[in-house]
Each structure stands twice: as C-alpha cells, then as structure tokens.
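Student: I would like to learn how to read a model of this kind feature by feature, beginning with the strands. Could you take me through it slowly?

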Amino acid sequence: MKYVTLNNGIKMPALGFGVFKVEDGQVCIDAVKEALAAGYRSLDTAAIYGNEKSVGQAIKESGVKREDIFLTTKLWNEVQRTGDPEEAFAQSLSDLGTDYVDLYLIHWPVKEKYADTWLAMEKIYQSGRAKAIGISNFQTYHIDEISKVWSMVPAINQFEMHPMMSQKPLIAHCKKHGITPQSWAPLGGSKPENKGSVMENPVLLDIAKKYGKTVAQVILRWNVELGIVCIPKSITPSRIRENFDVFDFELASEDIAAIDGLNQNSRFGGDPDNVIF
Ligand code: NDP
C-alpha cells in the first residue's frame with residue numbers, strides 16, 4: 001500500500017474503499033469485511049449513504065484494529081441549511097461506533113452556507129474527534145471563497161474524476177493550496193449509461209492489454225501515479241480484490257498522457273455549481 005501525507009502530517013492510504021449505494025445491512029457488512037480482508041485500510045462513507053452503522057459493524061467484525069483503519073465520513077447538505085454540524089458529527093460517530101474519524105468532509109458546497117460550515121468543521125477538528133477535515137465537490141471558486149475565512153486549509157477535496165473528466169485545473173488549484181485531491185467515481189460510477197465510455201474505452205483496453213491488467217486497474221493506477229487518492233466501490237468480491245491489486249506495476253508516461261487525453265469534461269454525477277439536493 002502506498003500512502004499520501006496530508007497537509008497536517010496525517011498519513012492516508014492512496015487507495016481506499018467507497019460504499020456509496022451499498023445497501024445497508026449484510027450487503028454492506030460483507031463488502032467492507034471483504035475489502036478489509038483484501039488489504040484496504042481506508043473506508044469512505046457518508047451520513048447520507050445510510051450505511052454508517054453497517055460500516056462500523058463490519059470494522060468490529062473484521063478483527064482489524066480501529067487505529068489501523070482510515071475512516072472517512074461526510075456532513076450532509078441539509079445539515080448546512082437547517083441543522084447543527086456538531087450534532088450531525090456526533091450522530092455519525094455514534095452510528096459508526098467510534099469516538100473519532102480520520103477524515104470529516106463537507107459533502108457539497110451548499111450556496112451561502114459552506115463558508116460558515118467550514119468554520120464549524122474547524123471547531124470539530126480542534127476537538128480532536130476528526131484527525132483531518134476537508135471538503136468535497138468544491139470548485140476552484142468555492143476554495144477561494146473559504147480561503148477568505150479559513151484558519152486551516154482543508155486536507156482533502158474529494159470530487160468527480162475519471163478518464164472522461166480529468167479535472168486538471170481543479171487538481172492544480174488544490175495542489176497550489178496544499179489540498180490533496182481525491183477522486184470519486186474513478187471507474188465512471190455506477191450508472192449503466194456511463195459505464196461503457198470508461199470501462200470499454202478502446203484506448204484503456206489497449207493499455208490494459210499491454211500491462212496484463214484490467215481497465216479498472218489501469219484507471220486506479222493512473223490515479224495513484226497522479227497523486228490522486230481514489231476510493232473505488234464494489235460489492236463483488238473478485239472486483240474488490242482486483243481494484244486493490246494495483247501496486248505491482250507502473251504506467252509509462254506516454255500511457256498516462258494517453259489517458260489524460262481522453263478527457264471530455266463529461267460529468268456523470270451532481271453539479272457542484274447547482275447544489276439543490
Ligand atoms: P465507482 O467509479 O467506484 O464505480 C462503482 C461501480 O463500478 C459499481 O457499479 C461497481 O459494480 C463497478 N465496478 C467496481 N469495480 C469494478 C471492476 N473492477 N470492473 C468493472 N466494474 C467495476 O463509483 P462510485 O460512484 O461508487 O464512486 C466511488 C466512491 O466515491 C463511492 O462509493 C463513494 O464512497 C465516493 N463518492 C463520493 C461522492 C461525493 O459526492 N463526495 C459522490 C459519489 C461517490 P459492483 O459494485 O456491482 O461490483
């Protein structure tokens with residue numbers, strides 16, 4: 001496993017396991033236990049995913065020590081509008097069955113709220129119950145806006161990034177501030193209508209063949225080599241293992257450039273400029 005060092009000195013695995021749309025209960029418990037058994041040591045959930053209890057249960061059943069796992073969850077949008085971040089955070093800790101998380105993220109930049117929310121996140125960090133705090137789905141101008149009030153620079157910005165949406169300007173902006181970029185939907189997400197353009201892309205298929213790897217492994221390795229923390233999701237045991245098996249090869253610079261060249265700025269998920277959910 002490779003690690004990245006966040007801007008407060010905390011180490012985070014370069015590749016983790018995401019659980020968006022993983023059904024709460026046994027499906028989630030089994031998937032997370034499978035991931036931990038395969039070697040993943042970073043888990044990415046969110047209050048809105050409705051599966052924090054199952055993630056916590058899986059950690060307990062896995063036999064892996066809590067301190068060996070990098071656990072991330074996120075503050076939901078409605079809390080920014082009408083709720084209390086501290087209360088929401090306490091609820092997440094209780095649901096996860098832990099007294100701290102390794103990373104707490106603002107899930108989306110809710111208009112006219114996210115700067116105040118960032119200040120609430122700083123208080124949570126200062127309480128010691130989140131080892132790092134960060135943002136998700138923030139565009140460059142959202143980062144500039146919170147930079148006017150922040151006492152701490154976010155450790156992470158987690159956003160949509162895959163070969164069809166390579167996000168070069170946002171990545172550069174994050175790095176300029178010392179914010180580590182993290183990709184969501186690295187494999188193109190779970191919507192069938194988007195899957196083919198990524199997983200059956202001829203350029204990616206050729207590169208995969210060259211290295212004797214799968215398209216998923218090539219994309220995840222591309223993330224690792226660009227310094228982008230990635231968190232692929234799967235409930236399929238063979239894919240869970242496949243997605244973790246990316247640390248025994250390196251992509252040549254021309255292959256990285258070929259993947260970079262696939263970008264079409266195609267967004268498959270929500271639009272951070274219009275957070276109405
Ligand atoms: P991913 O890009 O990880 O794709 C997941 C889909 O790809 C699933 O349908 C999965 O199927 C399939 N898949 C997984 N591995 C393979 C493989 N090796 N070969 C073929 N298909 C595969 O999408 P996500 O949207 O889940 O993103 C990853 C994580 O990012 C989320 O789980 C979540 O933690 C986070 N996220 C964060 C967001 C945010 O707003 N901050 C938004 C969206 C996601 P199956 O499960 O059936 O195996």
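Tutor: Let us begin with one pair of strands, keeping in mind that this is a predicted model. Strand β7, residues 133–136, pairs with β8 in the parallel sense, and two bridges connect them. Across this pairing, S136 stands opposite Q158 in β8.

Student: What is the general idea behind such pairing, and what is the order of the strands in the open sheet?

Tutor: In general, strands of a sheet pair through backbone hydrogen bonds, and they do so either parallel or antiparallel. Here the open sheet has eight strands with parallel pairing, and their order is β3-β4-β5-β6-β7-β8-β9-β10. At the edges are β3 (17–18) and β10 (229–230), each of which pairs on one side only.

Student: How many bridges do β8 and β9 pair over, and how many join β9 to β10?

Tutor: β8 and β9 pair over five bridges, in the parallel sense, and one of the facing positions there is N157, whose bridge partner in β9 is P181. Strand β9, residues 180–184, is joined to β10 by two bridges, and these strands also run parallel. In that pairing Q182 stands opposite V229 in β10.

Student: How should I read the two faces of a strand, and which residues of β9 lie on each side?

Tutor: The general idea is that in a regular strand the side chains alternate between the two faces of the sheet. In β9, T180, Q182 and W184 lie on one side and P181 and S183 on the other, and all of them are buried, so that both faces are covered. Five of the five residues of β9 are buried, and the strand is therefore largely enclosed by the rest of the structure. Strand β8, residues 156–160, is likewise mostly covered, with five of its five residues buried.

Student: Within β9, which residues does Q182 touch, and which does T180 touch?

Tutor: Q182 has a relative accessible area of 0%, so it counts as buried. Leaving aside residues up to four places away in sequence, Q182 touches M12, D44, L105, I156, N157, Q158, F159, I228, V229 and I231. T180 also counts as buried, because its relative accessibility is 12% and the cut-off for buried is under 20%. With the same exclusion of sequence neighbours, T180 touches V4, T5, L6, A155, I156, N157, G227 and V229.

Student: A155 appears among those contacts of T180; where does A155 lie, and is A155 buried or exposed?

Tutor: A155 lies in the loop between α6 (140–147) and β8, and with a relative accessible area of 2% it is buried. Beyond residues up to four places away in sequence, A155 touches L6, N7, A132, I133, G134, I179 and T180. Sequence separation and spatial separation should be read side by side: A155 and K11 are 144 residues apart in sequence, while their C-alpha atoms are 11 Å apart in space.

Student: Turning to the nonpolar residues, which members of the largest core touch the most other members?

Tutor: The largest nonpolar core has 71 residues, of which F17, V32, L43, V55 and Y104 touch the most other members. Helix α10, residues 215–226, gives the most to this core, with seven residues. Apart from it lies another core, of eleven residues, including A14, L103, A132 and I156. As for V55, its contacts, not counting residues up to four places away in sequence, are V19, C28, V32, L43, T45, L71 and L96.

Student: Finally, which residues are the closest to the ligand, and how much of the ligand does the protein bury?

Tutor: The ligand is surrounded by 30 residues, the closest being D44, L187, K233, S234 and T236. Among the polar approaches, a polar side-chain atom of Q158 lies 2.8 Å from a nitrogen atom of the ligand, a polar backbone atom of G189 is 3.0 Å from an oxygen atom of the ligand, and a backbone N or O atom of G188 lies 3.4 Å from an oxygen atom of the ligand. Taken alone the ligand exposes 900 Å², and the protein buries 90% of that.

Conventions: Residues are numbered from 1 along each chain as its sequence is written. This is a predicted model: local features need pLDDT of at least 70, side-chain atom pairs count only at pLDDT 80 or more; totals for chains, interfaces and linings use all residues. Side-chain values use heavy atoms; hydrogens and water are left out. A nonpolar core is a set of buried Ala, Val, Leu, Ile, Met, Phe, Trp, Tyr and Cys residues joined through side-chain atoms within 4.5 Å. Buried means under 20% relative accessible area, exposed over 50%, partly exposed in between (1.4 Å probe, protein chains only). Helices (H or I, at least four residues) and strands (E, at least two) are DSSP runs, numbered from the N terminus. Contact means heavy atoms within 4.5 Å. A residue is near a molecule or strand if one of its heavy atoms lies within 4 Å of it. A polar contact is a pair of N or O atoms within 3.5 Å; within protein, one must be able to donate a hydrogen and the other to accept it, and residues adjacent in sequence count only if both atoms are side-chain atoms. Accessible areas come from the Shrake-Rupley method with a 1.4 Å probe; for residues, only the protein chains shown count as cover. Two strands pair if DSSP finds at least two bridges between them.
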